[in-house]
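Okay, thanks for making time, everyone. I'll put the structure up and talk you through a metal site and the strands around it.

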There are 2 protein chains.
Amino acid sequence: MKRNTWQREAVREALGTTDGFVSAQGLHAALRDGGSPIGLATVYRALSDLADGGEADSLQSMEGEALYRACSTDGHHHHLICRNCGLTVEIEADAVETWATQVASANGFSQPQHIVDVFGLCAACTRATTA
Amino acid sequence: MKRNTWQREAVREALGTTDGFVSAQGLHAALRDGGSPIGLATVYRALSDLADGGEADSLQSMEGEALYRACSTDGHHHHLICRNCGLTVEIEADAVETWATQVASANGFSQPQHIVDVFGLCAACTRATTA
DNA sequence: CCAGACTTTGACAATCATTATCAATTGTAC
DNA sequence: GTACAATTGATAATGATTGTCAAAGTCTGG
Ligand SMILES: [Zn+2]
Ligand SMILES: [Zn+2]
Ligand SMILES: [Zn+2]
Ligand SMILES: [Zn+2]
């Protein structure tokens with residue numbers, strides 16, 4: 001059975017108060033800075049569990065690091081992410097969903113999964129860079 | 001300036017004769033098995049160069065490994081990949097391209113990039129699994 | 001054909017994120 | 001409370017990738 005520990009709750013809450021995507025390492029550092037003695041391995045495990053349970057979304061940063069986020073949208077969706085400040089916008093795109101399943105079946109593939117992420121510079125970061 | 005070495009050519013050729021996506025490690029192993037004394041670091045460097053120069057496409061496997069492939073399509077495109085045997089189909093989807101740029105600009109993002117990959121089981125692997 | 005200047009190579013060490021270990025701790029059901 | 005299985009966390013192990021740097025290779029005049 002699944003137990004309730006303050007560690008798991010701490011991770012859930014820390015993830016909830018974080019705006020963009022965070023890495024396990026980053027969240028662990030934040031928790032430690034906040035005075036929590038939580039262990040790194042536990043943060044990895046908790047994030048993995050949250051992702052499995054659908055409470056968190058995960059993706060790979062362009063540097064190959066696994067990032068997590070507690071999204072407000074319940075269903076399946078994708079993300080538009082600022083590669084400078086991490087600002088994240090949740091996007092739903094039925095057109096992409098149907099396209100993915102269709103391109104898969106059109107080529108005889110079953111059990112399709114897809115990875116769709118858009119990275120860019122948000123308005124604020126664009127302004128800051130241009131200035 | 002960029003020099004010509006048999007190592008670079010060996011990597012280019014090995015990549016060309018490989019069907020699906022390969023990892024640096026995998027390509028190095030294949031070259032070694034083929035009798036080449038090429039070094040691992042060199043394979044990493046060569047693949048990275050080929051990717052930079054547009055001669056190879058790269059993506060991250062779902063396990064986080066960097067994979068490379070010499071694609072036949074010249075322009076920008078995406079991939080439909082069998083997660084069992086690695087069979088890869090190159091797919092072009094203008095609809096997805098325009099969607100990505102539009103969703104970015106609609107949210108004030110500039111310099112959009114996107115990652116779009118579809119994974120699944122190819123017809124042969126689907127049959128093998130079901131049988 | 002050189003020589004010199006500059007690149008590239010490759011064995012090896014160093015990084016760095018992530019996972020495995022495993023004894024000690026802690027939730028939970030009765 | 002007791003018993004017992006799940007969880008934790010310090011630490012070691014893993015595994016891909018990158019850094020190092022001396023030795024070897026490549027190219028370009030002369
Ligand atoms: Zn930004
Ligand atoms: Zn989707
Ligand atoms: Zn297959
Ligand atoms: Zn595209």
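Before the metal, a quick word on what I'm calling a donor: an N, O or S atom within 2.8 Å of the metal, or 3.2 Å for Na, K and Ca. And keep in mind that this is a predicted model.

So, the zinc ion, ligand 3. Four sulfurs hold it, the SG atoms of B:C82, B:C85, B:C122 and B:C125, at 2.2 to 2.4 Å. The angles among those four donor atoms run from 103 to 112°, and the site is tetrahedral. Along the sequence, the donor residues follow the spacing C-x2-C-x36-C-x2-C.

Now, how covered are these cysteines? B:C82 is buried, at 2% relative accessibility, while B:C85 is partly exposed at 46%.

B:C82 belongs to β4 of chain B, residues 78–82, where five of five residues are buried. In a regular strand, side chains alternate between the two faces of the sheet. Here both faces are covered: B:H78, B:L80 and B:C82 on one side, B:H79 and B:I81 on the other.

Who does β4(B) pair with? One partner is β5(B), residues 88–91, antiparallel over four bridges, with B:I81 opposite B:T88. Five residues separate the strands of that hairpin, and B:G86 has a positive phi near 90° there. Another partner is β6(B), residues 110–121, parallel, again through four bridges. That's where our zinc ligand B:C82 has B:G120 as its bridge partner.

Quick look at chain A to finish: an open three-stranded sheet, order β1-β3-β2, paired antiparallel. β1 and β2 are at the edges with a single partner strand each, so one side of each has no neighbour in the sheet.

Note on methods: Residues are numbered from 1 along each chain as its sequence is written. Chains are lettered from A and ligands numbered from 1 in the order in which they are written. This is a predicted model: local features need pLDDT of at least 70, side-chain atom pairs count only at pLDDT 80 or more; totals for chains, interfaces and linings use all residues. Side-chain values use heavy atoms; hydrogens and water are left out. Two strands pair if DSSP finds at least two bridges between them. Helices (H or I, at least four residues) and strands (E, at least two) are DSSP runs, numbered from the N terminus. Four donors count as tetrahedral if all angles lie between 85 and 135 degrees; four count as square planar and six as octahedral if opposite donors are over 155 degrees apart and all others between 65 and 115; anything else is irregular. Buried means under 20% relative accessible area, exposed over 50%, partly exposed in between (1.4 Å probe, protein chains only).
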